[in-house]
Amino acid sequence: MTDRSTSIEDGTRNGGEHVYDGASETQLDSATAPVGGTVERDVVDMAVPADVEATGDGAGCHAGAEKMRAQAEAAGNKELLEQFEKDYPKGPHDQPQSMCPAFGSLRVGLRMRRTATVLSGSACCVYGLTFTSHFYGARRTVGYVPFNSETLVTGKLFEDIREAVHDLADPENYDAIVITNLCVPTASGVPLRLLPKEINGVRIIGIDVPGFGVPTHAEAKDVLAGAMLNYARTEAELGPVQAPDRPRDDRPSVTMLGEMFPADPMVIGRLLEPLGLSAGPVVPTREWRELYAALESPVVAAIHPFYTASVREFEAAGRTVVGSAPVGYDGTAAWLENIGKAAGVTSEKIEAAKQAILPAIKGALSSKRIDGRITLSGYEGSELIVARLLIESGADVRYVGTACPKTPWSADDRGWLEARGVQVQFRASLEQDLAAFEEFKPDLAIGTTPVVQKAKEAGTPSLYFTNLISARPLMGPAGAGSLADVVNAAMANKGRFDEMRDFFEGVGQGHSAGVWEDIPEDSRTFRMKEKRKRITAEQAREKAIEAPTGC
């Protein structure tokens, strides 16, 4: 804790509060400053409406998205939410149906060297996010600035956040500190934009990733990547910046946008060599200095097409963005053509590059065929290019659902799939994925955990998209045959599913699952009655307190 007994001449205010910078003197959106003066520290209005102050944290994590959105707008975050609406348009569901979106931005920060990550949000949310990040092998510390009703509504939370980043800002250990507002601080208007942009040479990146504003964890990766690119672009415009730690390549480079299997960037590099190009950094990057190299590339390959904020920064830097990816025969041919044209490569070189690689891809596709009907869904953003690869491998793909939105950079993949009779559903809900499974009755269902569970209950082989499909090489010749083995092995297990269904036949389902002397009565009527009572009580409580915040 800081010493609160010194005077203002020593860098503290009267009353003993330590002063690091002038951020506290900035007039907030709804504060009223005396004419010719500044807003006093002890009367700064954090723009939290009266109903929050009267009820503390209100309904907390139980409030609805619409109330939180209204609260956030009243607290001065209307512009932020409007930008989210433009970058990440909603679908049939206004809340994420997968994991908390902030996991995406958290994961990006935890993967970067010399970068500290700090969360501000409800303790239950922070616990879940840190647990999930360590489950996926983060092995990095996650900072947390706790709050309660008092610190939230009085503005003390912002002061605690500012003190935390000052304590962390050690240039010997960090290049950047990322502080993330979760739902409650965003809805309450905690103004991370007022944090210093730099402390002791350490960059301070403040972002808001509320569940009521960012639909998926995939798009939350773009929130942080875009914020970092914006900061790095500003630095580069102001003067010389740190050079990459790898040897400089004289050939023009192509930045790759979207997380990929580790081997894919190297495969893409080999595809680009005949064009006289090199593979640039992958965004999100693993180190701050790579952002400068990414911005330097004249062409950006939007392998994952939903990085809207990042694309905005590249286009502001004058870079050309090309959609789709080098997957399969058709996909690789079109991608080489588009990348070559964007980089000003001659048509002769482009044709030579195609002839150098396409025969190998055709051979890989013909040697490992897939024979079966497949439905595919996921929330990673690579669902369309995976579907293309499956179809060129021989699979009968009837449905592709992605939780991500339709963007200009997914148009080529969507057009290719729809021309082959595939139903493509952007912003797909779980209900739509399950309906497709019921309608098309696939030999294999590739999807999210609840889709996989539903398929297995029906005796249909299934694979979890994130861990078993997207975490494989997809590009070039290496990707052409990478899916056949795992897909064919899964479909070959149909007989085992049939045996298990036969073995457990008669043990019941749902409320009657198990072996019973007397089959339990169906308690659905009782559950429905209790549910109606809970809904009535919840509506009465909301009407009384009009809870403004939550997840």
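**Salt bridges, a five-stranded sheet and a nonpolar patch**

Lys-341 is exposed, with a relative accessible area of 58%, and that value clears the cut-off, since exposed means over 50%. The model is a predicted one, and Lys-341 makes a handy way into its charged pairs. This lysine forms a salt bridge with Glu-337, and the closest N and O atoms sit 3.4 Å apart. Both partners belong to helix 12, which covers residues 328-342. They are four residues apart there, or about one turn of the helix.

How many salt bridges turn up across the whole structure? A search finds 25. Another of these pairs brings together the side chains of Arg-111 and Glu-259, at 2.7 Å from N to O. Arg-111 comes from helix 3 (residues 102-111), whereas Glu-259 sits in the loop between strand 6 (253-257) and helix 9 (264-272), so this pair ties together parts that lie 148 residues apart in sequence. The surroundings of the two partners can be put in numbers as well. Arg-111 is partly exposed, its relative accessible area being 30%, while Glu-259 counts as buried at 18%. The glutamate gets that label because buried means under 20%. The pair also belongs to a wider set of contacts: a network of salt bridges links Arg-111 and Glu-259 with Lys-221 and Glu-380.

A further salt bridge is made by the side chains of Glu-313 and Arg-233, with 2.9 Å between N and O. Here the partners come from two helices: Glu-313 is part of helix 11 (residues 308-316) and Arg-233 is part of helix 8 (residues 217-238), so the contact ties together parts 80 residues apart in sequence. Is Glu-313 buried or exposed? At 8% relative accessibility, Glu-313 counts as buried. Arg-233 counts as buried too, at 16%.

Next comes the sheet. It is an open sheet of five strands in the order 2-1-3-5-4, and its pairing is mixed. Strand 2 and strand 4 (198-199) stand at the edges with a single partner strand each, so one side of each has no neighbour in the sheet. As a general point, strands of a sheet pair through backbone hydrogen bonds, in either a parallel or an antiparallel fashion.

Strand 1 (residues 115-120) is a good place to look inside this sheet. On one side, strand 1 pairs with strand 3 (residues 176-181) in the parallel sense, over six bridges, and Thr-115 stands opposite Ala-176 there. Strand 1 also pairs in the parallel sense with strand 2 (residues 142-144), this time over three bridges, with Leu-119 facing Tyr-144 across the pairing. Moving along the sheet, strand 3 runs parallel to strand 5 (residues 202-208) and is joined to it by six bridges. Within this pairing, the bridge partner of Ile-179 is Gly-206 in strand 5.

How much of strand 1 is tucked away? Six of its six residues are buried, so the strand is largely enclosed by the rest of the structure. The cover reaches both faces: Thr-115, Thr-117 and Leu-119 are buried on one side, and Ala-116, Val-118 and Ser-120 are buried on the other.

Strand 1 also takes part in a right-handed β-α-β unit, together with helix 4 (residues 123-135) and strand 2. Phe-135 lies in that helix and is exposed, with a relative accessible area of 62%. Phe-135 also helps to make a nonpolar surface patch of about 420 Å², along with Tyr-127 and Phe-131.

The cysteines tell a short story. A disulfide is a covalent bond between the sulfur atoms of two cysteines, and the count of disulfides comes to zero here. Two of the cysteines can be set side by side: Cys-124 is exposed, with a relative accessible area of 52%, whereas Cys-183 counts as buried at 7%.

Finally, a contrast between sequence and space shows up at Gln-83, which lies in helix 2 (residues 65-87). Gln-83 counts as partly exposed, at 32% relative accessibility. What separates Gln-83 from Ala-309, along the chain and between C-alpha atoms? The two are 226 residues apart along the chain, yet their C-alpha atoms are separated by 9.4 Å.

Note on methods. Residues numbered from 1 in each chain as written. Predicted model: local features only at pLDDT ≥ 70, side-chain atom pairs only at ≥ 80, totals over all residues. Heavy atoms only, no water. Buried < 20%, exposed > 50% of the residue type's maximum accessible area, 1.4 Å probe, protein only. Pairing = 2+ DSSP bridges. Right-handed = clockwise from strand over helix to strand, strands pointing away. Patch = residues over 30% accessible without salt bridge, like charges linked within 9 Å, V, L, I, M, F, W, Y side chains within 5 Å. Areas by Shrake-Rupley, 256 points an atom, 1.4 Å probe, with all protein chains shown as cover. Salt bridge = Lys/Arg side-chain N within 4 Å of Asp/Glu carboxyl O. Disulfide = S-S within 2.5 Å.
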